[in-house]
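Student: Could you take me through one small part of this model up close? I'd like to hear how it sits against its surroundings.

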Amino acid sequence: MTLAAVDAQPAPIAIDPARTALVVIDMQRDFLEPGGFGETLGNDISLLAAAVEPCRALIAGFRRHGMLVIHTREGHRPDLSDAPRAKVERGEPRLRIGAQGPMGRILVRGEAGHDIIPALYPIDGEPVIDKPGKGAFHATDLHQILLNDDVEYLVVCGVTTEVCVHTTVREANDRGYRCIVPGDCCASYFPEFHEVGLRMISAQGGIFGWVTDSTRILAALG
Ligand code: TIU
């Protein structure tokens with residue numbers, strides 16, 4: 001076993017690459033692309049675009065080292081039977097989950113906007129987790145997949161920092177995973193939430209995990 005030392009906050013962390021997975025959260029067209037759901041809601045999607053190239057480089061590094069890459073997509077069954085009313089009944093009715101959006105029905109599986117952006121598209125063999133919630137563990141088989149592969153370290157990136165990335169990191173932390181979050185591979189529609197979200201992870205001695213960036217992880221992997 002060769003450990004890789006990753007420079008991070010609040011302290012460096014030694015990871016075992018053979019027991020490390022990259023989890024790329026919800027890099028979906030509806031959140032990131034012009035004309036998508038995120039932009040329709042009035043958000044500045046250029047804030048999210050900044051994370052794409054760092055994510056691409058990190059994914060490429062994991063693939064080069066033969067390490068596990070997992071992708072998630074937030075969305076629901078077409079009949080919305082798995083979408084809680086508390087989640088659906090929010091905001092303007094014409095912009096709700098299941099409504100017709102610019103790239104198909106909003107956050108519905110199988111619609112164009114629900115899919116992952118071409119720049120970060122999964123390759124054969126990489127698990128894609130379709131998740132109905134914010135966290136990637138809720139009502140999915142992610143935990144079982146990680147257990148079966150003996151994974152202990154999770155590098156978690158994607159969008160948005162304070163919503164689906166944060167919820168996933170918190171879920172993972174409670175399940176005993178050591179989470180490392182590369183801040184440059186995450187983004188939010190609210191820059192201040194991104195900054196504070198990262199600080200919340202590494203505060204208090206790393207209460208939810210470690211914060212670093214993609215170049216430090218790639219340097220550690222060699
Ligand atoms: N993936 C994810 O974060 N879903 C969201 O709805 N995020 C928002 O910031 N709205």
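Tutor: Here is a walk along one helix, the residue just past its end, and then the nonpolar core.

Keep in mind that this is a predicted model. Let's pick helix 9, which runs over residues 214-221. Its buried residues are S214, I217 and L221. Look down the helix axis and they fall within an arc of 65°, so they line one face of the helix. That fits the usual geometry: an α-helix has 3.6 residues a turn, so residues three or four places apart point the same way. Flip to the face turned away from that buried side and you'll find T215 and A219, both exposed.

What do the buried residues of helix 9 pack against? Quite a list: strand 1 (4-6), strand 2 (13-15), strand 8 (153-159), strand 9 (178-182) and strand 11 (210-212), plus helix 4 (52-64).

Now step off the end of the helix. Just after helix 9 comes G222, with a positive phi of about 85°. G222 counts as exposed because its relative accessibility is 75%, above the 50% cut-off. For a sense of scale, its C-alpha atom is 23 Å from that of P122, 100 residues away along the chain.

Back to strand 8, one of the packing partners of helix 9. The largest nonpolar core has 65 residues, and strand 8 gives the largest share of it, six residues. L154 is among the residues with the most contacts inside that core, alongside L22, M27, F62 and L146. Leaving out residues up to four places away in sequence, L154 touches A21, V23, F137, L146, A172, Y177, R178, C179 and I180.

Key
Residues numbered from 1 in each chain as written. Predicted model: local features only at pLDDT ≥ 70, side-chain atom pairs only at ≥ 80, totals over all residues. Heavy atoms only, no water. Buried < 20%, exposed > 50% of the residue type's maximum accessible area, 1.4 Å probe, protein only. Helix = DSSP H or I, 4+ residues; strand = E, 2+ residues; numbered from the N terminus. Arc of directions from axis to C-beta. Contact = heavy atoms within 4.5 Å. Core = buried A, V, L, I, M, F, W, Y, C linked by side-chain atoms within 4.5 Å.
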